[in-house]
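Here's a quick walk through a protein model, written for someone who would rather look at side chains than at statistics. Have the structure open and turn it as you read.

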Amino acid sequence: MAMFNKPDVFAAGAALRPVTDWANYNHGYTANILNEPFTDSLAYRRSSPFYFAEGLKGHLLICHGMVDVNVHFQDAVKLSQRLIELGKDNWELAPYPMEDHGFVEPSSWTDEYKRIFKLFETVLKK
């Protein structure tokens, strides 16, 4: 969300299992904060990164487990589609087919942080 709303501040960032549209997230949790989507759609729109994707300037890495039962993988897919539609080419989606919200495989953790390190080394050292 910060990269979309403050694009000149962040040259690179990594989103780890991000909620991109609060309307898709855990109803009980979200409703306590944002009310119901059908009664307060403005709150959902204002707080969901999906609706601000056009602001992306820096390089974004999205890492998400495909069997995540907390923040569903569809959020990463939905944001990816939006970035494609906007013609953005400075982002990457790293899907982890065997991972839930809290990664358990050492190889997944290693891959995720290698990608983050590479992104920051490449972009921030320019």
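What percentage of the 126 residues in the protein do buried residues make up? The answer is 39%. Keep in mind that this is a predicted model, so every number here is computed from predicted coordinates.

**The overall layout**

The protein has five helices and three strands. If you follow the chain along the sequence, they come in the pattern α-β-α-α-β-α-β-α. Of the contacts in the protein with a separation of 6 or more, 73% are between residues 24 or more positions apart. As for the outside, the protein exposes about 7,400 Å², and 58% of that comes from carbon and sulfur atoms.

**Helix α4 and its buried face**

Let's zoom in on α4, which covers residues 73–85. This helix has 13 residues and spans 19 Å from its first C-alpha to its last, close to the 18 Å expected at 1.5 Å a residue. Its buried residues are Phe-73, Asp-75, Ala-76, Leu-79, Ser-80 and Leu-83. Why do these buried residues line one face of the helix? Looking down the axis of α4, you'd find them within an arc of 155 degrees, so they line one face. The background is simple: an α-helix has 3.6 residues a turn, so residues three or four places apart point the same way.

And what do the buried residues of α4 pack against? Their partners are α1 (2–5), β2 (59–65) and β3 (91–96). Just after α4 comes Gly-87, which takes a positive phi of about 75 degrees.

**Rings and charges**

Now for the aromatics. The structure holds four aromatic pairs, and two of them are laid out here with their geometry.

| Pair | Centre to centre | Angle between planes | Type |
|---|---|---|---|
| Phe-50 and Tyr-51 | 5.1 Å | 85 degrees | edge-to-face |
| Phe-103 and Trp-109 | 5.7 Å | 65 degrees | edge-to-face |

Why is the Phe-103 and Trp-109 pair edge-to-face? Planes over 60 degrees apart count as edge-to-face, and the planes of these two rings are at 65 degrees, so the pair gets that label.

Take Phe-50 and Tyr-51 one residue at a time. Phe-50 has a relative accessible area of 15% and is buried, while Tyr-51, with 27%, is partly exposed. Phe-50 also has a charge for company: the charged end of Lys-78 sits over its ring, 4.5 Å from the centre.

Phe-103 has a relative accessibility of 5%, which counts as buried. Trp-109 is at 35%, so that residue counts as partly exposed. Both belong to one aromatic cluster, together with Tyr-96 and Tyr-113. Phe-103 has a charged residue over its face too, namely Arg-17, at 3.8 Å from the ring centre.

**One more Phe, in α5**

Last stop: Phe-120, which lies in helix α5 (residues 106–124). Is Phe-120 buried or partly exposed? Its relative accessible area is 32%, and since buried means under 20%, Phe-120 is partly exposed. Leaving aside residues up to four places away in sequence, Phe-120 touches Ala-12, Gly-13 and Lys-125. Try checking His-59 as well: its C-alpha and that of Phe-120 are separated by 9.2 Å, although the two residues are 61 residues apart along the chain.

Technical notes
Residues numbered from 1 in each chain as written. Predicted model: local features only at pLDDT ≥ 70, side-chain atom pairs only at ≥ 80, totals over all residues. Heavy atoms only, no water. Phe/Tyr/Trp six-rings, centres within 6.5 Å; stacked < 30°, edge-to-face > 60°. Buried < 20%, exposed > 50% of the residue type's maximum accessible area, 1.4 Å probe, protein only. Lys NZ or Arg CZ within 6 Å of the ring centre and 35° of its normal. Helix = DSSP H or I, 4+ residues; strand = E, 2+ residues; numbered from the N terminus. Expected span 1.5 Å × (residues − 1). Arc of directions from axis to C-beta. Contact = heavy atoms within 4.5 Å. Areas by Shrake-Rupley, 256 points an atom, 1.4 Å probe, with all protein chains shown as cover.
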